[in-house]
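Student: Please take a close look at the salt bridges in this model, one pair at a time. I would like to know where the partners sit and how far each is covered.

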Amino acid sequence: MSLLHDDRLFPADPTTRSIAQRLFATVRNLPIVSPHGHTQAGWFATNEAFPDPAKLFIQPDHYVHRMLYSQGVKLEDLEIGKAVIENPRKVWKIFADHYYLFRGTPSRLWLDYAFQEHFGMTERLSPKTADLYYDTIAEKLQTPEFRPRALFESFKIDVLATTDSAIDPLTDIQALRKGDWKGRIVPTFRPDSVVDPEFAGFRENIARLGEITGENTETWEGYLNALRNRRAFFQSLGATATDHGHPTARTADLEPEECAQLFDVILSGEADEDDEEVFRAQMLTEMARMSVEDGLVMQIHPGSMRNHNQVVFEKFGRDMGADIPTATDYVHALQPMLDLFGNEPNLTVILFTLDETAFSRELAPLAGHYPALRLGPPWWFHDSPEGMMRFRETATETAGFYNTVGFNDDTRAFLSIPARHDVARRIDCAFLARLVAEHRIEEDEAFELAQDLTVNLVKKAYRL
């Protein structure tokens, strides 16, 4: 028995499926390039064993505890937020009791892949098999082959990017640089904590930014210099990209005097919602300006109403699965920045969306015109087989393949990385196979595209 069929996600039509099989065989075992994610560099710096199955599969994965919470499972019972899970077997049994909830979801594909490929499980997770799963996984986690560095190597990861606050000292990244392990892990500059006035502790973060850079961050000029300083620090440790999780895609082009005045209002704590939104908009433009200067690739992840569930936010903090997509305007929102930098040859801006209606109406036409723009892969709620296929169908007709950037897994759950890339490769091969079967491209072009979508485009876009 096996948990997964080897032809999963391939077309049902035999002719098209045969083409997809041939394409997939050429990319199935290619190295993984993971240019955007949320795994922890500390795992690899210390290389300590993951403590238990619950800590590995449940606690870091908001896809998992989000679904469980929606069906009445208390986050307290999952011990979410605890540094050490006190009753990991109990948490695991709750997960196993509710595993049926994941039927038809991408999480089910990712989890079954890990269970089968990494731990050799052949019978589906259920209340009956909960202890078998727990014992098998727990035993293997204590072996050298399941330490973080060994898994990194067995997954054939070529490069893995973390996502880090602008004021993070990057201690673990520095430790990795000084060590003799050859795994390539690079940071990504995420300035939300010092450019978003609504971020918790914003003014304290600005002060900290000044302390660690030696710049006067109470002035507009000193603040910008401090951000340039930190970007250079990240680059010195291998960073090739920035990441921006703004509520909207709005950009602005204020005069320097206006910027300085707005910055003073923001620091005073007397800014209203409009002031805060204009400030974030101006900071996206300033980040683009800096990317033109230093070459860091810019990623914009707008359109998520963060921490929608106030009760969960107050009890457990940020990023607990309560972020909800919102409609997002890109055409008007990005125009001030694009008027300044959209034609710059040294700038790459990768756009993501949680608003799928924007792909064919706005994003594909924008990326299909501006040299600086590229389309990021389906993100979060849409990094599913259906979402990936919809993306290819709605974006390719206008932007083509070469204004996209391949795949990134965007995950906190380390063991889901190979599974997510497996799904993306299968869907791309299925889409390409259909184009071949419909005589829209030749098979040799499809083989070339499969390689590009798996490795080449992502390396080029992220300058890796």
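Tutor: The model is predicted. Begin with arginine 231 and aspartate 294, whose side chains meet in a salt bridge with an N to O distance of 2.7 Å. Arginine 231 belongs to helix α12 (residues 220-236) and aspartate 294 to helix α14, so this pair ties together parts that are 63 residues apart in sequence. The two ends differ in cover: arginine 231 has 0% relative accessibility and counts as buried, whereas aspartate 294, at 24%, counts as partly exposed. Buried here means under 20% relative accessible area, so arginine 231 falls below the cut-off and aspartate 294 does not.

Helix α14 also holds a partner of another pair. Arginine 280 and aspartate 196 form a salt bridge through their side chains, at 2.8 Å from N to O. Arginine 280 is in helix α14 (residues 273-294), and aspartate 196 is in the loop between α10 (192-195) and α11 (202-213); the pair links distant parts of the chain, 84 residues apart. Arginine 280 is buried, with a relative accessible area of 5%, and aspartate 196 is buried as well, at 13%.

A third pair joins arginine 306 and aspartate 323, where the closest N and O atoms are 3.2 Å apart. Arginine 306 lies in the loop between β8 (304-305) and α15 (310-316), and aspartate 323 in the loop between α15 and β9 (324-325), so parts 17 residues apart in sequence are tied together. Here the aspartate is the buried partner: aspartate 323 has 0% relative accessibility, while arginine 306 is partly exposed at 24%.

Some salt bridges share partners, and in this way Asp6, Arg8, Arg28, Asp422 and Arg426 are joined into one network. Over the whole structure, a search finds 30 salt bridges. As background, side chains of opposite charge can pair when their charged atoms come close.

Acidic residues also occur in another setting. Asp253, Glu255, Glu257, Glu258 and Asp339 gather on the surface in a patch of negative charge. One of them, glutamate 255, is placed in the loop between β6 (241-244) and α13 (256-268) and is partly exposed, with a relative accessible area of 48%. Patch residues must have over 30% relative accessible area and no salt bridge, so glutamate 255 passes the area cut-off at 48%.

Definitions and conventions
Residues are numbered from 1 along each chain as its sequence is written. This is a predicted model: local features need pLDDT of at least 70, side-chain atom pairs count only at pLDDT 80 or more; totals for chains, interfaces and linings use all residues. Side-chain values use heavy atoms; hydrogens and water are left out. Patches are made of residues with over 30% relative accessible area and no salt bridge: like charges are joined within 9 Å, nonpolar side chains (Val, Leu, Ile, Met, Phe, Trp, Tyr) within 5 Å. Accessible areas come from the Shrake-Rupley method with a 1.4 Å probe; for residues, only the protein chains shown count as cover. A salt bridge is a side-chain nitrogen of Lys or Arg within 4 Å of a carboxyl oxygen of Asp or Glu. Lys and Arg count as positive and Asp and Glu as negative; His and the chain ends are not counted. The place of a charge is taken as NZ of Lys, CZ of Arg, CG of Asp or CD of Glu. Helices (H or I, at least four residues) and strands (E, at least two) are DSSP runs, numbered from the N terminus. Buried means under 20% relative accessible area, exposed over 50%, partly exposed in between (1.4 Å probe, protein chains only).
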